[in-house]
Amino acid sequence: MPALHGPTGRRRTRLSPEERRQQLLALGVAWLADRPLEAISVEDLAAAAGVSPGLVFYYFGTRQGLHQQIVLTARDAMLYATEPDASLPAQERLRDVLERFVGFVQEHGATFYSIVRGASSGDPQVRETVQQARDALARHATTMVTELGVGPTPLIDVAVRAWISLAEQALVDAAMGGLVPADELVAFLERSALATVRAATPPT
């Protein structure tokens, strides 16, 4: 699973280039808990990791490149945590994914919020990284509803993507603040997914 937390001290430790790069990314992702992506600077990250700013630029090229890789790391951790279990029947799989999704947001709320907020970033590469996550979630959801007997249509595709937006907002509002118990939120998301798909299915 992609790391979301890493060493934050100034102690100098001999790491391999890949280990150092992962350390910097884990630190950057951890900082999303209390600061927006735009506020993460190369200089601050280098100081916290006990390395030179030049080394950070060496690994990531630019400040924008650093930000993109931080969002990419956070995105991949979310997708890893919510990967559907192909051994489960479709509706059980949906519930299992939602349970893990809610758990991820409860544990890494600020990280999730940063991914959602990245969709409106001024950096097109960051927006594309977030959109790729939404596309992956849409593919998983479409596969599950197809297995439930709903044929894929353009309207179903629209409905699935609309539900993902609803789910994102519900997770930000409810899971991050702990306002709704996890089991109630999972049940709501499951019912809303199935209702949205039904609404997009022509009557027979």
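Me: Where does UniProt place the feature "DNA-binding region"?
Reply: The unreviewed UniProt entry puts this feature at residues 41–60. In this predicted model, that span is 80% helix and 0% strand, and its end C-alpha atoms lie 12 Å apart.

Me: Why is the pair of Phe-101 and Phe-112 called edge-to-face?
Reply: Rings pair if their centres lie within 6.5 Å, and planes over 60 degrees apart count as edge-to-face. For Phe-101 and Phe-112 the values are 5.8 Å centre to centre and 90° between the planes, so both conditions are met. This is one of three aromatic pairs in the structure.

Me: What does the pair of Phe-101 and Phe-112 tie together?
Reply: Phe-101 belongs to helix α5 and Phe-112 to helix α6 (residues 109–117), so the pair links parts that are eleven residues apart in sequence.

Me: How do you know whether Phe-101 is buried or exposed?
Reply: Buried means under 20% relative accessible area. Phe-101 has 10% relative accessibility and therefore counts as buried. Phe-112, with a relative accessible area of 2%, is buried by that cut-off too.

Me: Which residues make the contact of α4 with α5?
Reply: Helix α4 (residues 63–81) and helix α5 (residues 90–107) pack at about 145°, with axes 9 Å apart. Ala-77, Met-78 and Ala-81 of α4 meet Arg-100, Phe-101 and Phe-104 of α5. The contact residues comprise five nonpolar, no polar and one charged.

Me: What makes Arg-35 count as sitting over the ring of Trp-31?
Reply: One requirement is that CZ of Arg be within 6 Å of the ring centre. The charged end of Arg-35 is 3.9 Å from the centre of the Trp-31 ring, so the distance requirement is satisfied.

Note on methods:
Residues numbered from 1 in each chain as written. Predicted model: local features only at pLDDT ≥ 70, side-chain atom pairs only at ≥ 80, totals over all residues. Heavy atoms only, no water. UniProt positions renumbered as here; feature names shortened; annotations may be inferred. Helix = DSSP H or I, 4+ residues; strand = E, 2+ residues; numbered from the N terminus. Axes fitted to C-alpha atoms, helices over the stretch in contact; angles between N-to-C directions. Contact = heavy atoms within 4.5 Å. Nonpolar A, V, L, I, M, F, W, Y, C, P; charged D, E, K, R; others polar. Phe/Tyr/Trp six-rings, centres within 6.5 Å; stacked < 30°, edge-to-face > 60°. Buried < 20%, exposed > 50% of the residue type's maximum accessible area, 1.4 Å probe, protein only. Lys NZ or Arg CZ within 6 Å of the ring centre and 35° of its normal.
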